[in-house]
Every structure is written in C-alpha cells, then in structure tokens.
Amino acid sequence: MVSSKNLQNEIDKIPFFRFLDLQIMECSDQTTTCTMPAAERIVGNPYFKNIHGGIIASFLEATASLTVFDRPVEGTPKPINLTVNYLLPAKMKPLTCRATIVRSGRRIAVVEAVAWQDDEEKPVAKGQFQFLLV
Amino acid sequence: MTDEPTYISMDQIKALWLIRSGFHGEMNAEIIEADGESVLLRMPFNSSFCVDTEKDLIHGGILTAFMDSAFGLATMLAMPGLRTIATLDLRIEYLRPAKSRADLIVFAECYRQTRHIAFNRGRVWFEGDDRNEVAMGFASFAVTRGENMLMFDREDKNGEQ
C-alpha cells in the first residue's frame, strides 16, 4: 500500500487530476478519501452555479481508481463501466469523496464511491465503478 | 394575441449550451448537428484532460462529462416547455482506451420523454474513427414542465439589477 504522500506525488503528475485539483485526505487498504475544491472551470450551469454533473462523476471515478491505483503491475487501473446516481445539486463548495473497494479479485475490482459537501449524511452523488486490473 | 405558450426556441437553447463559461468553456465543444431528436457534437483535444505523461490518453471522466452535457442538450431540444432539468443517473461503458489526439465526437439522443423523466442514450468516438466507439452511455433526467426555463427567470432578474 502506498502512503497518502506518495500517492499525492503520483497523481500530481496526471494532467486531468491536476485539472480537478484532486487532493488526497486519507488512504488505507480498502478506502481512499479525496477532496476537490469548487472552481469556475468546473461549473455546469452558469445560471445556478452548480458543479457540472459529469465532473462529479469524474471526481468519483478518479477517487475510486485510487483505491486500486497500485494494483496493476503496469500502468493504471482501466475503467470498465460506471453507474452514478445524482442525489442533490452540488453547490460552489468543496466536494469530498470516499471510495471503498467492494471486491478486488485478480482481474476485476468493484469500487463504491460517495461524494458530499457539508454533511456526509446528505450525499450529492453515489456511484459504482468497475476496473480492469490487468 | 394567441394562447399558445411562447417556448424558448431551439436557437436559444443552442446558444445557452454554447456559452463559453465554466466547464463548457473548458470543453469548448461545438454543435455539428442538432435537429431536436438527436445531437452531434465535437470537442477539441485538450491535453489537460489526459491521464498520462505522454498526453494522448483521455480520462474516462471527460467522456462521461461530455456525454452528460450532450444528453442535457438533447433533452432540452426534445422537450419544448421545460422548466427544470436535473441528471438522475449516468451509466457509462468504456469500450476501449481513449488514446488519440483527435477531436472527440458525441452522438446523443433523447429517445423517450415522459411527464417527469427524459431517457437518453449516446456514444463517443474519435473523429474519423466512428466504427470504433470509445464509450457508450445512458442517462435519465428528472424534468419539470413550464412555459419558460427557470434559469431564464434568473437572467431577467439579474438584468434588472
């Protein structure tokens, strides 16, 4: 298992993770927690100033991928598919996401991710992601 | 005077979608075709959307975000008299690595509209390679009906200030 600091160094090399301004809060064997600040470049609706739904899916996927980041021997985990449910509009505030491995086999990992803003009990989105590890 | 409601026009909806602010400014996508049932859009290559240091592999999340925006446009064009629209869910399949510096093309259609829900499906490929889709997706939106879009109320209000 890589440390939060080493993982942060790794992801800071990835252009899209820098675009999201992804910051690792915590990582353990099964779980990774990240935050993403609100920014003008990720606004979806210019009238309501909500964070773009597609970017929320990206943030969930990015965090989910970090739970298995060191699993493939070469490269990074390959996303296979995703399902995201949107539960509340995301306002111009930081988002936090916690991703947890549901099952990680030899070839496939299933990861759940949940994102919230002020209150973890009131998530803005939840998703399930599958990754190919070979 | 007629009692016909004056819905926002297709051109107004397209102009709204083409506003270059927020993430839509970053995507910088253009409308190739939009006929009211389906849309065909192009997004130029952008190296800040990549996941590799060689900068030719697009992160899946960008394909998802591009499809989400395309579904939103398809729904707004397919449903005149929409008051509000909110994404309920997104389901995406990544069919192959998005490894290219070509522009991305998305085709999206709102294939069923009910009183409360709009159902969408779409696919993404690199320009010039439409036989090899990189992603397919579905999304449903919760919609409410009304004569005008809620966001235009806000615009009027802002205009008065």
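I first looked up A:Asn85, and I found that this residue stands opposite B:Asp89 in S3(B). The strand that holds B:Asp89, S3(B), covers residues 82-94 of chain B and runs antiparallel to S5(A), with five bridges joining them. I took helices (H or I, at least four residues) and strands (E, at least two) as DSSP runs, numbered from the N terminus, and I counted two strands as paired if DSSP finds at least two bridges between them.

A note on what I was reading: this is a predicted model, in which local features need pLDDT of at least 70 and side-chain atom pairs count only at pLDDT 80 or more, while totals for chains, interfaces and linings use all residues. Residues are numbered from 1 along each chain as its sequence is written, and chains are lettered from A and ligands numbered from 1 in the order in which they are written.

Next I followed the sheet. I found an open sheet of twelve strands with antiparallel pairing, in the order S1(A)-S2(A)-S6(A)-S7(A)-S8(A)-S5(A)-S3(B)-S6(B)-S5(B)-S4(B)-S2(B)-S1(B). Its edge strands, each pairing on one side only, are S1 (23-27) of chain A and S1 (30-34) of chain B. At the chain A edge, I noted four bridges that join S1(A) to S2(A), residues 31-36, and the two strands run antiparallel; A:Glu26 has A:Thr33 in S2(A) as its bridge partner.

I then turned to the contacts between the chains, where contact means that C-beta atoms, placed from the backbone, lie within 7 Å. I noted 31 residues of chain A in contact with 33 residues of chain B. On the chain A side, helix H2 (15-20), strand S3 (43-45), helix H3 (53-66) and strand S5 (78-86) each supply at least two residues, and S5(A) gives the most, with eight.

I also looked at A:Thr31, which is found in strand S2 of chain A. A:Thr31 is partly exposed, because 16 other C-beta atoms lie within 10 Å (20 or more would make a residue buried, 12 or fewer exposed, and partly exposed is in between, with C-beta atoms placed from the backbone). Leaving aside neighbours within four places in sequence, I found A:Thr31 in contact with A:Thr67, A:Arg98, A:Ala99 and A:Thr100.

Last, I checked helix H3 of chain B, residues 60-78, where 19 of the 19 residues are buried, so H3(B) is largely enclosed by the rest of the structure.

Key: Contact = placed C-beta atoms within 7 Å.
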